[in-house]
Protein chains: 2
Amino acid sequence: MDARDLLPMCEITQRSGFAASAIRYYEAEGLIEAHRSGGGQRRFERSVLRRLAFIRAASNVGLTIEEIRDELGRLPGNRTPTKADWQRISRHWGRRLDEQIAALQRLKGGLDGCIGCGCLSLRSCAFSNPGDVHGEDGAGARLLPDSLRRPHPTRRGAGRRGSAS
Amino acid sequence: MDARDLLPMCEITQRSGFAASAIRYYEAEGLIEAHRSGGGQRRFERSVLRRLAFIRAASNVGLTIEEIRDELGRLPGNRTPTKADWQRISRHWGRRLDEQIAALQRLKGGLDGCIGCGCLSLRSCAFSNPGDVHGEDGAGARLLPDSLRRPHPTRRGAGRRGSAS
DNA sequence: CCTTGAACTCAAGTTCACTTCAACTTGAAC
DNA sequence: GTTCAAGTTGAAGTGAACTTGAGTTCAAGG
């Protein structure tokens, strides 16, 4: 690859919308790669822009950095996603989004059922107790799946929401 | 109020499902109040359980502690929510949930539209760029509202997801 | 050569909603 | 009177995903 095909940091930040610090962070985390100029400055292949678009999309779906790294790493040859990869992955994300939507709808349904009852009971009101905390882990659809429960800092939990840095 | 009507910490933790540390945190944050025993231990009025149920429900909808404090504070007389309060509030939350659902559906729609295109363009692909970052703040529905965008740590952003402590 | 702005590194800071820890004290039962 | 679970405090830690800051260097133009 010709050195003239490599992009400097300013180009990447402008075209991806990510801050330089975020780009450096992603490189440190192994999500993207960079070449170096003679003086030690980063020079990026054009394909990095595509990976960054992928990262943004993934993070909008709520994937964590680690999950994104896995997802990128599962691509055969660790390459930038092709059209076929993207189709497979987006089906996967679609399911995830479907789950999140269904969960919010269950919560909404519980809320609608509660309007008028005014109970807000810790034991029986599904809205204030979507996990049925006191129910000894009973069966039945839970109102909120883990992906939408509060990702508890110390116990392991799932992701955040999408970015628009 | 008779001292025999006041509940000790263990009762509150068992019946609310919150950890003692969380209860203390909520008190420090001004979401709930506590009396003290002669020796300095917390003694709670029964109504605190109701406030805690409210807190759990609110946090499941994605409100932050600050928003919950505001919401509780807006109650006339700063009292525990009554049935009527709850109806008003739950309509408000219903709208919020509707927004979140609609946002996820837009994102899902964008994803469906993208399956097969394989573009993932930083400029035009709505999925990888739901905020239209390069669009000079153009009009039109945004795929993700602020409540679902990644709440950026340092810049001010909106909430987290629901809890099941 | 000088200036200017972009880039570099590395450590430390940020936010949120709590938890954990250490070192004590209370309160109720026996 | 002894025991021991339950409770207290304040400070510090947690995790994710970056940002900020300090101090230094690079690259390009004039």
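Which residues does B:Glu33 touch, not counting residues up to four places away in sequence? In this predicted model, the residues in question are B:Phe44 and B:Val48. B:Glu33 sits in the loop between helix 2 and strand 1 of chain B. The C-alpha atoms of B:Glu33 and B:Phe44 are 7.4 Å apart in space, while 11 residues separate the pair in sequence. Even with these contacts, B:Glu33 counts as exposed, because its relative accessibility of 65% is above the 50% cut-off.

A second loop residue of chain B can be followed in a similar way. B:Gln41 belongs to the loop between strand 1 (35-36) and strand 2 of chain B. Leaving aside residues up to four places away in sequence, B:Gln41 touches B:His35 and B:Arg36. Between the C-alpha atoms of B:Gln41 and B:Met9 there are 8.3 Å, although the two residues are 32 places apart along the chain.

B:Met9 leads on to helix 1 of chain B, which covers residues 9-16. Four residues of this helix are buried, namely B:Met9, B:Ile12, B:Thr13 and B:Ser16. Looking down the axis of helix 1 of chain B, one finds these buried residues within an arc of 95 degrees, so they line one face of the helix. What lies over them? The cover on the buried residues of helix 1 of chain B includes helix 2 (20-28), strand 2 (42-43) and helix 3 (47-61) of chain B.

The end of helix 1 of chain B deserves a second look. B:Ser16 is part of this helix, and with a relative accessibility of 1% B:Ser16 is classed as buried. The B:Ser16 side chain reaches the backbone nitrogen of B:Phe18 at 3.0 Å. Just after the helix comes B:Gly17, whose phi is positive, at about 85 degrees.

Helix 3 of chain B, part of that cover, can be described from end to end. Its 15 residues reach 22 Å from the first C-alpha to the last, which is close to the 21 Å expected at 1.5 Å a residue. Of the 15 residues of helix 3 of chain B, 13 are buried, so the helix is largely enclosed by the rest of the structure. B:Leu49 is a residue of this helix, and its relative accessible area of 8% makes B:Leu49 buried. B:Leu49 also gives a link back to helix 1: the C-alpha atoms of B:Leu49 and B:Ile12 are 7.0 Å apart in space, with their positions 37 residues apart in sequence. Just after helix 3 of chain B, B:Gly62 takes a positive phi of about 105 degrees.

Next comes helix 4 of chain B, spanning residues 65-74, where B:Ile68, B:Glu71 and B:Leu72 are buried. Around the axis these three cover an arc of only 95 degrees, which puts them on the same side of helix 4 of chain B.

Turning to chain A, the overall make-up is five helices and three strands. Along the sequence they follow the pattern β-α-α-β-β-α-α-α. Chain A has 165 residues, and buried residues make up 44% of them. Among the contacts in chain A with a separation of 6 or more, 52% come from residues 24 or more positions apart.

How are the strands of chain A arranged? The three form an open sheet in the order 1-3-2, with antiparallel pairing. Strand 1 (7-8) and strand 2 (35-36) of chain A stand at the edges with a single partner strand each, so one side of each has no neighbour in the sheet. In general, strands of a sheet pair through backbone hydrogen bonds, either parallel or antiparallel. Strand 2 of chain A is joined by two bridges to strand 3 (residues 42-44) of chain A, and the two run antiparallel. One residue pair to look for here is A:Arg36 with its bridge partner in strand 3 of chain A, A:Arg42.

Finally, the cysteines can be considered. How many disulfides does the structure hold over all chains? The count is zero. A disulfide is a covalent bond between the sulfur atoms of two cysteines. A:Cys10 is partly exposed, its relative accessible area being 44%, and B:Cys10 is partly exposed with a relative accessible area of 44%.

Note on methods:
Residues are numbered from 1 along each chain as its sequence is written. Chains are lettered from A and ligands numbered from 1 in the order in which they are written. This is a predicted model: local features need pLDDT of at least 70, side-chain atom pairs count only at pLDDT 80 or more; totals for chains, interfaces and linings use all residues. Side-chain values use heavy atoms; hydrogens and water are left out. Buried means under 20% relative accessible area, exposed over 50%, partly exposed in between (1.4 Å probe, protein chains only). The arc is that of the directions from the helix axis to the C-beta atoms. Contact means heavy atoms within 4.5 Å. A disulfide is a pair of cysteine sulfur atoms within 2.5 Å. A polar contact is a pair of N or O atoms within 3.5 Å; within protein, one must be able to donate a hydrogen and the other to accept it, and residues adjacent in sequence count only if both atoms are side-chain atoms. Two strands pair if DSSP finds at least two bridges between them. The expected span of a helix is 1.5 Å times one less than its number of residues.
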